[in-house]
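Please open the model in your viewer and keep the sequence beside it, so that each selection can be found in both places. The tour moves from one selection to the next and says what there is to see at each stop.

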Amino acid sequence: MNDLVKSVSGKIVVSSKDVADKFERLHRHVLRDIKNLNCSSEFRESNFELSSYIQSKTKSYHVLR
């Protein structure tokens with residue numbers, strides 16, 4: 001599973017889009033499941049960071065990492 005893990009600014013991160021692709025799930029379902037984790041908001045905020053990317057120069061997408 002090392003192809004999922006990346007180092008960004010000295011932090012080890014995994015993109016929610018990459019997780020969805022790897023496990024053949026819809027990205028929106030991965031985002032939904034992260035949002036609905038049974039954990040404190042402090043944990044969620046310190047472990048999941050909103051990011052975005054542009055695909056095909058026309059659409060902007062949000063991911064959690």
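Begin by selecting S9, which lies in the loop between strand 1 and strand 2. In this predicted model, S9 has a phi near 50°, a positive value in a residue other than glycine. Most residues other than glycine have a negative phi. With a relative accessibility of 75%, S9 counts as exposed, because the limit for that word is over 50%.

Now extend the selection to both strands beside this loop, that is, to residues 5-8 for strand 1 and residues 11-14 for strand 2. The two strands pair in the antiparallel sense over four bridges, and together they form a hairpin with two residues between them. If you look across from V8, you will find K11 of strand 2 standing opposite.

Stay with the hairpin and colour V5, I12 and V14, which make a nonpolar surface patch of about 250 Å². Of these, V14 is found in strand 2, and its relative accessibility of 32% makes V14 partly exposed.

Next, select K6 together with D18 and show their side chains. The two form a salt bridge in which the closest N and O atoms are 2.5 Å apart. This pair links distant parts of the chain, since K6 belongs to strand 1 and D18 to helix 1, 12 residues apart. Are these partners buried or exposed? Neither word fits, because K6 at 41% relative accessibility counts as partly exposed, and D18 at 21% also counts as partly exposed.

Follow D18 into helix 1 and select D21 and K17, another salt bridge, with 2.9 Å between the closest N and O atoms. Because D21 and K17 are four residues apart in helix 1, about one helical turn separates them. An α-helix has 3.6 residues a turn, so residues three or four places apart point the same way.

In helix 1, which covers residues 16-22, also select S16. At 2% relative accessibility, S16 counts as buried. Add F48 to the selection: although S16 and F48 are 32 residues apart along the chain, their C-alpha atoms are separated by 9.5 Å.

Move on to the loop between helix 1 and helix 2, where E24 lies. E24 has a positive phi of about 50° although it is not a glycine, and its relative accessible area of 75% makes it exposed.

Select R25 and D33 next, which form a salt bridge whose closest N and O atoms are 2.7 Å apart. Add R32 as well, for salt bridges that share partners join R25, R32 and D33 into one network.

Then select helix 2, residues 27-35, and colour its buried residues, H27, V30 and I34. They cover an arc of only 60° around the axis, which puts them on the same side of helix 2. Turn the model to see the face directed away from that buried side, where the exposed residues R28 and K35 are carried.

Finally, show the whole chain as a cartoon. How many helices and strands does its secondary structure come to? There are three helices and four strands, and from the N terminus on they run β-β-α-α-α-β-β. Of the 65 residues, 17% count as buried. If you switch on the surface, the accessible area comes to about 5300 Å², of which 52% belongs to carbon and sulfur atoms.

Note on methods
Residues numbered from 1 in each chain as written. Predicted model: local features only at pLDDT ≥ 70, side-chain atom pairs only at ≥ 80, totals over all residues. Heavy atoms only, no water. Buried < 20%, exposed > 50% of the residue type's maximum accessible area, 1.4 Å probe, protein only. Arc of directions from axis to C-beta. Pairing = 2+ DSSP bridges. Patch = residues over 30% accessible without salt bridge, like charges linked within 9 Å, V, L, I, M, F, W, Y side chains within 5 Å. Areas by Shrake-Rupley, 256 points an atom, 1.4 Å probe, with all protein chains shown as cover. Salt bridge = Lys/Arg side-chain N within 4 Å of Asp/Glu carboxyl O.
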